[in-house]
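Please open the structure in your viewer and keep the selection tool at hand, since this tour moves from one selection to the next and says what can be found at each stop.

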Amino acid sequence: MSIHQILSTGRSSLLAHQAAITVASTNTASADVEGYTKRDVHFANLPGHSGVGIDSIRRRADEWIDRRLYLERSRLGAQSSQSQGLAALDLQLGDIDRGIGTTFDRFFASLRALQTAPADRQLRSDLLAEAQSLVENFNVAASTVDREQQQADVRLQSVVTETNEILKEIAQLNASVRQSLVDGGEPSADLDRRDVLLSQLAEQVEITALDAHDGSITVLLGGGRALVQGGEAMELQTEPDPARNGLSQVYVVDGSGLRSDLTDEIGLGKIGGLIELRDGIIADTGERIDALAFDFAAAFNALHETGFGTDGGTGRSFFTPMATATDAASAISLAPGLIDNPEWFAASTTAAGSAGGNDNALAMGALAEQNAASGNQRTFGQEYASIVAEIGSAASRQRTRETQAQVQVDQLHALKESQTGVSIDEELIDITRFERAFQSASRIIRTVEEMFDTLLQL
Amino acid sequence: MIRVTTSQLHRSAFRTVNDTRLRTQEAQEVAMTGRRVNTASDDPAAAARARIMGELKSTAKSHQTSTTYGIARLQTAEDALAEVSNQILRAQEIALSSANETLTGEQRLAYATEVRQIHETVADLINTRHLGEYVFAHVNTNAQVFDSTTGNFTYDVNTYAEVRRAEVGQGQYADIGASASHAFAARTADPRSVDVPAMLAGLEAALVANDPDAIRGTIDSVQSGYDQVVGERTRVGVRVQRLRDAEAAAEQSVTVYTSLESDLVDADAAEAFSNLSMAENSMQAAVTVAARILGPSLLDVL
């Protein structure tokens, strides 16, 4: 081996370890950058040479963990997107000390008080005031349900807009990475960014990411529809559906402009979660409250209309009659004029007893204990308690599922981090190691220089 | 080998501290409110049962209110009936005394004056009111039961003899009124029944007429009238007792349902404060451990 070869060996080591220190420095500096993947330097002997060079600088990646993470992030996205709406429902309808349940109690308590003195105008006015309060509580509950449904819909539209931005950026990065590889460049930063975007996308909607083997990835919706192919991103759209009270349907538009309805296909991610929240528990709660309002008003009216007020009048409704249960909770109201005419309350079943009979009031009071709600399965009180329990169960279940999904994401994230993340201590060790190697290489060059000096002095 | 990265350490520390803070906040809420169920999601099954208990408690309270009102109403009626029976007893004494042939016309006229007063008193008592209602009225409790100017009842005593009922328990109903028909009126359904005001008017007329035979003729009806009033008073007493039983049952129900509701939603104070203390200790431990783990680094020694 010639002295020049020794010099060349030292030089190669010097350059290789300088580059390695650069990589370790980048790793250290980027430790807190979201989505940054640790780069590893792989040394190799130079072919036909005794020196050393950098064989490759590799991003650490684990496709299996990424796939699991996407799925768990989709689950977490679905659960977390529901937390706000369910918490609001739980807070406003799940309060056991207020709301429809307690106004039912007060209404029937007033009715029982009236049974003892049916001609008492003050007691009649009290009953009507409690009835008005009950009606208002139904209206408030309906308004709460409607507001939460609308908010879920608005958030759905917002999430769809965010998702489109992510899809576009992934498509752009696909093109950029592909071009970079063609040009022989190093697209690690773009790959890191694309991984971050895929994680964000997974929170919005369930995805599958497939390697297209040209540097780009194909992103499929959970159901199999392509969302990103190469440099092309599909567009998600929301459009109000008049058949569903103007609530949004979600569509995907492909490159040819063909539009497909995805509303019932998306199960996970924030989009799936919001659809499930809006069309599931909120809609179901609204329907049950509507049915409760309708059943109660119908049952009460049926008795009231056959009775007689103290003025001898009969055939009057107590609540404004409703044709269907649809939107009954928001439509329920006291019959016009009743609130100003307490004598209209039909406490008696007979005209002869109209002056102070209470047999009809007794029958109306007995409604509290009859299975007249939910298809004659429950009393009105039991039905409301069941609605409260269902809201509570949904909110509680959602919290548990969100916690479980968060734990899964944390565990997988920790696993991914343990493989691809940066440890400052590790990098410091590497920097020290590379620095020592750099110093050794410098020593080789100085030694060669001394050898040259020795030879020149011969 | 499992690598532990810097961000893992920070994330883990953040998560642990955050979790313990959340648990502390939850424990604080329970300790501060004294309730472990504030909204349905805290314990859905307990919340649903608590709502049912709340409804049952409210129902039992309203039964208490109804029974209290009914008892007061019936006691007013009973007091009136007691006074009417006393008045009739006095009328009976007068009838017996004045039937004696030795009395003079003037003495009988004096008795007649007293019987007129008894008649008027009884008429007033028939129209006894409780909280503005005529307690012996059938349905129209805002109208007088007996019209003393005409000497007639204001409603058909033969058709309407039953009394007002009210719900005093779950599916239980009780009479909360007294019947003028049964107490004071002659009803075709009961041939022995006596029209008390008319009976007193008859006695008064016999006394004014100074007719011992006619006076003797009223003695049996006076006795029947007395028995009739006492009979209704007895029925009212039975009704009061029934209502007292219902009131006691309602009171017991309120206590039971309050206790059951409390068991479901209220927190045990000792448990709540010990949980709070544990949560605070956990939080302090998490913060201390996080500070200890995140501190050391090779940077400190290299």
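The tour begins where two chains meet and then turns to two sheets within one of them.

Before selecting anything, keep in mind that this is a predicted model.

**Stop one: the contact between the chains**

Colour chain A and chain B separately, and then select the residues that take part in their contact, which are 58 residues from chain A and 49 residues from chain B. The size of an interface is often given as the accessible area lost when the parts come together. Between chain A and chain B the buried area is about 4,100 Å², and carbon and sulfur atoms give 53% of this area. Next, pick out A:Ile96, A:Arg112 and A:Thr116, which together supply 17% of the area that chain A buries against chain B, more than any other three residues.

Stay with A:Arg112 and show its side chain together with that of B:Glu167, for the two meet in a salt bridge with an N to O distance of 3.4 Å. Between chain A and chain B the count is 3 salt bridges, and there are also 15 residue pairs in polar contact, with both residues at pLDDT 80 or more.

Which helices of chain A should you select to see the side that touches chain B? Each of α2 (63–93), α3 (100–116), α8 (359–366), α9 (380–420) and α10 (424–456) of chain A supplies at least two residues of that side, and the largest share, 19 residues, comes from α9(A). If you colour this side of chain A by residue type, you will find 22 nonpolar, 23 polar and 13 charged residues.

**Stop two: a sheet of three strands**

Now select β7, β8 and β9 of chain A, which form an open sheet in the order β7-β8-β9 with antiparallel pairing. Because β7 (235–241) and β9 (259–261) of chain A stand at the edges with a single partner strand each, one side of each is left without a neighbour in the sheet. The twist from one strand to the next averages 40°.

Look along β8 (residues 247–253) of chain A, which is joined to β9(A) by 3 bridges, and find A:Val253 opposite A:Arg259 in β9(A). Then add helix α6 (residues 269–306) of chain A, which packs on the sheet and touches β7 and β8 of chain A, while its direction makes about 150° with that of β8(A).

**Stop three: a sheet of four strands**

Finally, select the open antiparallel sheet of chain A whose 4 strands follow the order β3-β4-β5-β6. Its edge strands, β3 (207–211) and β6 (232–233) of chain A, each pair on one side only. Strands β4 (residues 217–221) and β5 (residues 226–229) of chain A pair over 2 bridges, and A:Leu220 has A:Ala226 in β5(A) as its bridge partner.

How values were computed:
Residues are numbered from 1 along each chain as its sequence is written. Chains are lettered from A and ligands numbered from 1 in the order in which they are written. This is a predicted model: local features need pLDDT of at least 70, side-chain atom pairs count only at pLDDT 80 or more; totals for chains, interfaces and linings use all residues. Side-chain values use heavy atoms; hydrogens and water are left out. Contact means heavy atoms within 4.5 Å. Buried area is the accessible area (1.4 Å probe) that two parts lose on being put together, summed over both. A salt bridge is a side-chain nitrogen of Lys or Arg within 4 Å of a carboxyl oxygen of Asp or Glu. A polar contact is a pair of N or O atoms within 3.5 Å; within protein, one must be able to donate a hydrogen and the other to accept it, and residues adjacent in sequence count only if both atoms are side-chain atoms. Ala, Val, Leu, Ile, Met, Phe, Trp, Tyr, Cys and Pro count as nonpolar, Asp, Glu, Lys and Arg as charged, and the others, Gly among them, as polar. Two strands pair if DSSP finds at least two bridges between them. Axes are lines fitted to C-alpha atoms, for helices over the stretch in contact, and angles run from 0 to 180 degrees between N-to-C directions.
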